[in-house]
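Please open the model in a viewer and keep the selection tool at hand. The tour below proceeds stop by stop, naming what to select and what is found there.

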Amino acid sequence: MLISAILLPESTAYNAYIKALDTGILLASSSTLAEYSEVILRSKFDRYSSQERRQIFLIKAIY
């Protein structure tokens, strides 16, 4: 869901992510966050979102 949220900011996944942040705390294991970091920064996603935007989203998602 997080990959879809960053790549498609008008999507249901993005809206669900924002709602989750507004209403609670998101939890994830360190291995899940590591995998998410590796996946979201792949160059194949450059056409959907800049690497800089994905890095910012990643930082916000982790902290």
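Which residues does A5 touch, not counting residues up to four places away in sequence? Select A5 together with S11, A13, Y14, Y17 and F57, for these are the residues it touches; contact means heavy atoms within 4.5 Å.

Before going further, please note that this is a predicted model, in which local features need pLDDT of at least 70 and side-chain atom pairs count only at pLDDT 80 or more, while totals for chains, interfaces and linings use all residues. Residues are numbered from 1 along each chain as its sequence is written, and side-chain values use heavy atoms, with hydrogens and water left out.

**First stop: A5 and the aromatic pair**

A5 lies in helix α1. Helices are DSSP runs (H or I, at least four residues), as are strands (E, at least two), and they are numbered from the N terminus. At 0% relative accessibility, A5 counts as buried; the term buried means under 20% relative accessible area, exposed means over 50%, and partly exposed lies in between (1.4 Å probe, protein chains only). Now add I18 to the selection: its C-alpha atom lies 9.0 Å from that of A5, and the two residues are 13 apart in sequence.

Keep Y17 and F57 selected and display their rings. The structure holds one aromatic pair. The ring centres of Y17 and F57 are 5.0 Å apart and the planes stand at 40°, so the pair is tilted. Rings of Phe, Tyr and Trp (its six-membered ring) pair if their centres lie within 6.5 Å; planes under 30 degrees apart count as stacked, over 60 as edge-to-face and the rest as tilted. The pair links distant parts of the chain, with Y17 in helix α2 (residues 12–23) and F57 in helix α4 (residues 51–62), 40 residues apart. Both Y17 and F57 are buried.

**Second stop: R54 and S49**

Select R54, which is found in helix α4. Is R54 buried or exposed? With a relative accessible area of 0%, R54 is buried. Its side chain makes a polar contact with the side chain of D46 (2.9 Å). A polar contact is a pair of N or O atoms within 3.5 Å; within protein, one must be able to donate a hydrogen and the other to accept it, and residues adjacent in sequence count only if both atoms are side-chain atoms. In addition, a polar atom of the R54 side chain lies 3.3 Å from the backbone oxygen of R42. Leaving out residues up to four places away in sequence, R54 touches I6, L7, I40, L41, R42, F45, D46 and S49.

Move next to S49, in the loop between α3 and α4. S49 is buried, with a relative accessible area of 4%. Its side chain makes a polar contact with the side chain of R53 (3.4 Å). Apart from its neighbours within four places in sequence, S49 is in contact with I6, L7 and R54.

**Third stop: helix α3**

Select helix α3 (residues 30–40), where S30 lies. At 64% relative accessibility, S30 counts as exposed. The C-alpha atoms of S30 and I62 are separated by 9.7 Å, with their positions 32 residues apart along the chain.

In α3, the residues Y36, S37, V39 and I40 are buried. The buried residues of α3 pack against α1 and α4. For S37, the relative accessibility is 19%, and it counts as buried. S37 touches L58 and I62, not counting residues up to four places away in sequence.

**Fourth stop: the largest pocket**

Select L2, I3, L26, L27, A28, T32, L33, E35, Y36, V39, A61 and I62, which line the largest pocket. A pocket is found on a 1 Å grid over the protein atoms alone, as an open set of points where a 1.4 Å probe fits, with protein on both sides within 12 Å along at least five of seven lines; lining residues have an atom within 4 Å of a point. The elements that give two or more residues to this lining are α1 (2–7), α3 and α4. Which element gives the most to the lining? It is α3, with five residues.

The lining divides into 10 nonpolar residues, one polar and one charged. Ala, Val, Leu, Ile, Met, Phe, Trp, Tyr, Cys and Pro count as nonpolar, Asp, Glu, Lys and Arg as charged, and the others, Gly among them, as polar.
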